[in-house]
Amino acid sequence: MSNVATLSAQKAVEGLLFVGSSSDINGSVLEDTIVQKNCSLHIRGNLLGSLTIESGAKVVIEGSVDGKIINRGGRLVVNNKGLAACVTTDGPSEAEACGVLKISLSAIVSNWDRLAKNTEAECAAVVKGNAYGCGIEPIAGALAKTGCRTFFVSNIPEAKRVRAVAPNSTIYVLSGLFSGTGQAFTEINARPVIHSSIELAEWNVFVTSHRWAGGCALHVDTGESRLGLSLEEAAAIASRVRSPGHNISLLISRLDNADEPAHPLNDRQISLLRDLRRLYRGVPASLANSSGIFFGPKAHFDLVRAGAALYGVNPTPHGDNPMLPVIELRARIVQVLNLAPGETIADNAGWAAKRPTRLALVSAGYADGYPRSGSAFGNKLQAIIGGRRCPVAGHPSMDLLTIDVTDLPDPTAARFGEMVTLISPEISINDLAAASKSTGREVLSHLGRRFHRIYYAI
């Protein structure tokens with residue numbers, strides 16, 4: 001169903017939507033739509049039915065138009081971001097789930113576009129770890145339709161999921177070549193990221209015997225990650241790229257201190273990869289992750305790998321976050337308790353009420369990936385109830401989170417069945433990471449499958 005902002009300007013009759021004045025719709029429109037003379041319509045989603053534009057009318061569509069268009073003298077602007085559907089859902093039903101996790105495909109697409117415009121290199125998307133826990137299929141599908149051509153995944157099963165929604169993309173598998181898995185790569189046209197001379201030897205035997213030209217990436221350790229071929233090994237095999245039919249399609253390394261732009265090893269790694277690329281004539285190279293993109297062109301080479309920043313994690317941790325927030329997480333209150341000073345709650349050994357305290361028990365816990373506070377009962381973790389920030393009391397249990405609602409001006413805001421906001425633009429992934437002394441990547445990837453998930457575009 002569409003979320004219609006100005007109902008008075010629209011009238012739906014027998015599957016038709018008539019627009020009789022200026023109107024905004026936040027969502028997709030399923031009905032056949034007629035925009036009348038000298039009226040305007042702004043759809044922040046997709047138009048799935050047909051569209052008739054009368055003379056003098058103006059229509060702006062932020063998504064796509066799937067139906068027939070009849071223009072009788074009006075103006076149509078389609079800012080097609082390639083999102084095929086406005087809303088899809090996953091996981092248990094909302095009524096049965098412990099909470100609701102909303103993921104904005106529009107924000108992810110905008111974040112990719114922001115990163116892609118920050119470089120002249122190709123911008124690939126890293127969707128490893130089930131897209132950092134957010135869900136591969138809807139995210140990879142939206143990015144592919146937006147223009148992303150290359151994806152990095154953790155393993156072959158993830159590569160299969162990307163291939164299903166991005167049939168024309170290039171897919172690199174970061175876990176490399178497990179022994180005997182060559183045929184699996186050919187079946188889905190994916191490319192292993194080779195980390196050792198042993199893997200490379202097996203891959204060369206396979207591609208030669210099967211006459212496979214799908215390509216692979218060669219991972220070289222230019223820093224201290226200890227994963228990948230050594231510089232000496234990489235230089236020794238560089239002569240192979242001069243022969244016809246070599247199978248290396250990308251030279252890749254990892255910028256070990258990307259979060260610290262002033263770190264002296266960054267320039268050293270950039271210089272080493274630049275020197276190595278000269279030996280690998282004509283083979284593109286990649287070094288920068290999300291944070292590395294903000295180093296500037298010297299770190300970009302031919303391809304950058306946008307990862308956690310796509311999902312709203314700050315790629316410039318020493319400055320303001322340039323990325324849009326992507327997720328919102330809410331869970332419901334299952335019980336409200338009143339404690340006297342000195343009373344405790346189960347699974348929170350060491351925590352006790354210091355005053356008459358009112359607590360809301362919320363249906364999310366560490367089994368759902370909600371983090372533990374980085375300090376012992378320091379109340380740094382917070383939730384939003386009734387528009388007010390409230391501190392988390394102690395640590396989460398497996399299934400429950402305890403919120404101190406004593407200071408709420410309106411006690412009725414915390415009652416059975418009400419929804420509590422755990423992650424939002426006001427309490428971001430980065431805020432949770434800081435409060436739990438973790439990272440945004442870790443917080444994201446731990447979010448569980450017990451939530452009702454909503455993927456949407458606006």
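**Helix α3, the strands around β16 and the largest pocket**

Helix α3 is followed by Gly 147, for which phi is positive, near 135 degrees. The model described here is predicted. Helix α3 itself covers residues 136–146, and its buried residues are Ile 136, Ile 139, Ala 140, Gly 141, Ala 142 and Leu 143. These buried residues pack against three helices, α1 (105–116), α2 and α4 (156–165), and against the strands β12 (122–126) and β13 (150–153).

The protein chain as a whole contains eleven helices and 26 strands. Its C-alpha trace spans about 75 × 75 × 40 Å along the principal axes. Of the 458 residues in the chain, 50% are buried. Among contacts between residues at least 6 apart in sequence, 55% join residues at least 24 apart.

Strand β16 (residues 216–219) has strand partners in both β15 and β17. Strand β15 (residues 191–194) pairs with β16 in the parallel sense over two bridges, and Ile 194 has Leu 218 of β16 as its bridge partner. Strand β17 (residues 248–252) also runs parallel to β16, to which it is joined by four bridges. On this side, Leu 251 of β17 stands opposite Leu 218. Leu 218 is thus matched with Ile 194 in β15 and with Leu 251 in β17. The side chains of β16 alternate in direction: Cys 216 and Leu 218 point one way, whereas Ala 217 and His 219 point the other way, and all of these residues are buried. The connection from β15 to β16 includes helix α6 (residues 197–210), and the three elements make a right-handed β-α-β unit.

The largest pocket has a volume of about 1,000 Å³. Its lining consists of 38 residues, and those nearest the pocket centre are Lys 128, Tyr 132, Arg 254, Asn 289 and Arg 441. Divided by class, the lining comprises 17 nonpolar, 15 polar and six charged residues. Four helices each supply at least two lining residues, namely α2 (128–132), α9 (290–293), α10 (429–435) and α11 (440–446). Helix α2 therefore appears in two settings, as a contributor to the pocket lining and as one of the elements against which the buried residues of α3 pack.

Positive phi values also occur at residues other than glycine. Lys 437 has a phi near 55 degrees and is located in the loop between α10 and α11, two of the helices that contribute to the pocket lining. With a relative accessible area of 64%, against a cut-off of over 50%, Lys 437 is classed as exposed. Asn 38 likewise has a positive phi, near 65 degrees. Asn 38 is placed in the loop between strands β4 (32–35) and β5 (40–43), and its relative accessibility of 57% makes this residue exposed as well.

A further asparagine, Asn 348, is found in the loop between β20 (327–339) and β21 (357–362). The relative accessibility of Asn 348 is 2%, and this residue therefore counts as buried, the limit for that class being under 20%. Asn 348 is separated from Pro 396 by 48 residues in sequence, and the distance between the two C-alpha atoms is 7.8 Å.

Note on methods:
Residues are numbered from 1 along each chain as its sequence is written. This is a predicted model: local features need pLDDT of at least 70, side-chain atom pairs count only at pLDDT 80 or more; totals for chains, interfaces and linings use all residues. Side-chain values use heavy atoms; hydrogens and water are left out. On a 1 Å grid over the protein atoms alone, a cavity is a set of points where a 1.4 Å probe fits but cannot get out, and a pocket is an open set with protein on both sides within 12 Å along at least five of seven lines; lining residues have an atom within 4 Å of a point. Grid points are joined across faces, edges and corners, and a volume is the space filled by probe spheres set on the points. Ala, Val, Leu, Ile, Met, Phe, Trp, Tyr, Cys and Pro count as nonpolar, Asp, Glu, Lys and Arg as charged, and the others, Gly among them, as polar. Buried means under 20% relative accessible area, exposed over 50%, partly exposed in between (1.4 Å probe, protein chains only). Two strands pair if DSSP finds at least two bridges between them. A crossover is right-handed if, with the strands pointing away from the viewer, the path from the first strand over the helix to the second runs clockwise. Contact means heavy atoms within 4.5 Å.
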